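Biologist: I am new to this structure, and I would like to go through it with you step by step. Could you show it to me before we begin?

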Amino acid sequence: MDIKFKSLTLQNFKSHQELTVNFGERTVITGDNTKGKSSIGEAVTWLLYGTDLMGSTKFDPFPSNYEAEETLVSLLLSVDGMETLLGRSLNKGKATYYINEVPSKATDYNELLDKLFDKDLFLSLYNPNYFFTLHPTKEQRPMLLKYVSAPANKEVFKELPRAQAEKLAELVKKHSMTDLEKIHRENKTKLEKMYIAAQSRTKTLKEQYENNAPTVPLESLQVEDSQLLKQIKEIEKVTDSAGDSNREYNNLQSQVKALTDQVAMSKERWPKLKNEVIEDTCRTCKRPLDDEAVQAVEKDKEKRTQEYKQQHANLVAKRNALREQLKELEYIDVTEQINQVRDLEDKRFPIQQEIIKHKQIEALKEQLEEAQTAEKDTLDSLNESIFIIDSIKAFYAQEAELQAEKVQALFDILSINLFKEQKNGDIKPDFEIEMDGKGYRKLSLSEGIRAGLELREVLSEQSDLVAPVFVDNAESITKFKEPTGQLIISRVVAGQELTIEVEE
Ligand SMILES: Nc1ncnc2c1ncn2[C@@H]1O[C@H](COP(=O)(O)OP(=O)(O)OP(=O)(O)O)[C@@H](O)[C@H]1O
Ligand SMILES: [Mg+2]
C-alpha cells in the first residue's frame, strides 16, 4: 500500500491562520524557531486522529492568542492512487469531520481511516519517534512480529537434537505445541503422584513378601506330608475293613435282639390260647350248642394252636440260626488305630499350614511383580512426559533464537532483543531496542532520529506500507539514509521566515 500526501491546508491551527502545503517526494520546511514548522507535521496527526505527533489526545490546536472562529485542517490523501479529501474542524470545542467535503459522523470518519491503514503502524512510519512511545511488550513487539513471520516448525526441528525433533514432529500432527505443553504438564503432575503411590505399594508388598517367606522348602514339606498321608491310608485300610465287619456284627446283633423280643412276646400269647375254654352254650342266646358246633369250635382251636406252635418254632429257629452266625463273627476294636490316625493328622496340620504359606507367598509374589511392572510403566510414562516438556522448552528456545536471528537480520544499526532468559532458564517474550549497546532512552537527539528511521524502514518494508515520514528538527542530524516514502523535513534556520520547498 502506498500512502501519499498531496496537499494540506491549515486554518487557525495553532499559530497558523492560513497555510497551504503542497507536498512533493521531498518537502523541506525551514524557518527560525517558533515559525510553525512542527505544527505542520502535527496538523496531519490531528486531522487523522485528533492527536499530536506522539499520539497524545491532550492536544488543543485552537488559537489561544488571537481571535478565530474555527480551526480547520484538510488533507488531500492518495492511497494506492485513490484520492480522498479529509477534513476536521473544531468550533467552540465541537469537532466536525469531512469526507470528500461531506460532513460526516465521527464513527464513519474513524471507520474509513481504520479501513485505510493501521493507526499505530501509520504513526510509527510517519513519526520516527512514535514507535518508542508504545508499550515495549504489549505494543512494540507484537507490531514488529506481526510482519515478521515466525520460523516454520520444520526449520526449528532441524536445529533440535534428533530424538527431540522426531518426537515433536510426530506429536504436532495431532496437537498444537501449546496444547502439547498443557497436556504433558498435567500428565507430569498426575504421574508424579501416581509414581509415589506405586513406589509405596511395591515397598509394602516387598516387605510383606520378605517377612512372610517360608523357611522350609515346599518340596520337603510335600514329601513329609505325603509320607504321613501314606501312613494314614495304611491304617485306614484296617479301620475301613474293621468298620465293614463291625457293621455286619452290629446288624446281626440287633436282629438277634429283635427276634428274642418277638419270641418273648410269642411266649406270652401261649397261656391264653392253651387255656381257652370250649363253650357248649351259645354266648348270646345261652341255648346249648349241638355236637357239630362244639366240634367245629374245638377244631378251630386246634387249628390256631397248631399255627401258633409253628410260628413260635420258626421264630426260635431263626433266632438260633442268627445266634450261631453271630458266634462265628468277631467285633474288631480299632480305637488304637483311630488314635494313631488322629496323631498323624495332628502332625500333618503344621505341615499343611506351611504349604498354605507357600501358596500365599506365591500370590504375593505375583502381586509384587505386577506392582513392580506398574511402577516401571508409570516411571516410563513420567519420563516420556518430562522428555516432551523438555523438548518443547528446547523447541521454544530454538524458535526464539531463530526468530531473533530473523528479526535481527532486518536491522543494521539497531539490535533487537525479543526474549529474555528467566532465572529458571525459561525463555520469556521481551522487547528491547538498543543502539551500540544503549537503550533508546539513553540516545542523543540525532541517535534517536536515526534509530527511529531504521525502525520505520523495517516496518515499512515488512508491512508493505509506504507512507510519508516527518523528520522534525532535522538540523540536529547531519546525515541520514533516505527513507522510503515521501520525506517531510523540518529544519531550523536562524533568522528565516517559514519556507516550504518541494523537491520531486
Ligand atoms: N494553541 C496555540 N495557539 C497559538 N499559538 C500556539 C498554540 N500552541 C502553540 N503555539 C505556538 O505556535 C508557535 C509555533 O510552534 P511550533 O512548534 O510549530 O514552532 P516550531 O517552528 O516548530 O519551533 P521550534 O523551532 O522551536 O521547534 C509557537 O510559538 C507556539 O508557542
Ligand atoms: Mg518544532
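**Hairpins, sheets and a ligand**

Modeller: Strands β5 and β6 form a hairpin with two residues between them, and Lys 92 in that turn has a positive phi of about 50°. Strands, like helices, are DSSP runs numbered from the N terminus, where a strand is E over at least two residues and a helix is H or I over at least four. This is a predicted model, in which local features need pLDDT of at least 70 and side-chain atom pairs count only at pLDDT 80 or more, while totals for chains, interfaces and linings use all residues. Residues are numbered from 1 along each chain as its sequence is written, chains are lettered from A and ligands numbered from 1 in the order in which they are written, and side-chain values use heavy atoms, with hydrogens and water left out.

Biologist: How many bridges join β5 to strand β6?

Modeller: Two strands pair if DSSP finds at least two bridges between them. Strand β6 covers residues 94–99 and runs antiparallel to β5, and one of the bridges sets Gly 87 against Tyr 98 in β6. The number of bridges that join β5 to β6 is six.

Biologist: Which residue stands opposite Gly 87 in β5, on the side of strand β4?

Modeller: Strand β4 (residues 71–79) is joined to strand β5 (residues 82–91) by nine bridges, and the two run antiparallel. Their hairpin has two residues between the strands, and Asp 80 takes a positive phi near 50° there. The residue opposite Gly 87 is Ser 74.

Biologist: In what order do the strands of the open sheet of three lie?

Modeller: The pairing in this open sheet is antiparallel. Its edge strands, each of which pairs on one side only, are β8 (414–421) and β10 (438–439). β8 and β9 pair over seven bridges, while two bridges join β9 (residues 427–435) to β10. The order is therefore written, with pairing taken as defined above, as β8-β9-β10.

Biologist: Which residue takes a positive phi in the hairpin of β8 and β9?

Modeller: Within this pair of strands, Ile 416 stands opposite Ile 433 in β9. The hairpin has five residues between the strands, and the phi in question is near 90°. The residue that takes it is Gly 425.

Biologist: And which residue takes a positive phi in the hairpin of β9 and β10?

Modeller: Here Met 435 has Lys 438 in β10 as its bridge partner, and Glu 434 stands opposite Gly 439. The hairpin has two residues between the strands, and the phi is near 50°. The residue is Asp 436.

Biologist: At what angle to β9 does helix α4 run?

Modeller: Axes are lines fitted to C-alpha atoms, for helices over the stretch in contact (heavy atoms within 4.5 Å), and angles run from 0 to 180 degrees between N-to-C directions. Helix α4 (residues 136–147) lies across β8 and β9, and its angle to β9 is about 80°.

Biologist: What angle does the direction of helix α10 make with that of β8?

Modeller: Helix α10 covers residues 335–408 and packs on the sheet. It touches β8 and β9, and its direction makes with that of β8 an angle of about 170°.

Biologist: What share of ligand 1 does the protein bury?

Modeller: The ligand is surrounded by 16 residues (each with a heavy atom within 4 Å), and among the closest are Asn 33 and Thr 34. Polar contacts are pairs of N or O atoms within 3.5 Å; within protein, one must be able to donate a hydrogen and the other to accept it, and residues adjacent in sequence count only if both atoms are side-chain atoms. A polar side-chain atom of Lys 37 lies 2.8 Å from an oxygen atom of ligand 1, and one of Ser 39 lies 2.5 Å from an oxygen atom of ligand 1. Taken alone the ligand exposes 640 Å² (accessible areas come from the Shrake-Rupley method with a 1.4 Å probe, and for residues only the protein chains shown count as cover), and the share buried is 71%.

Biologist: Which helix gives the most to the shell around ligand 1?

Modeller: The helix in question covers residues 37–49 and contributes three residues to the shell. Its name is α1.
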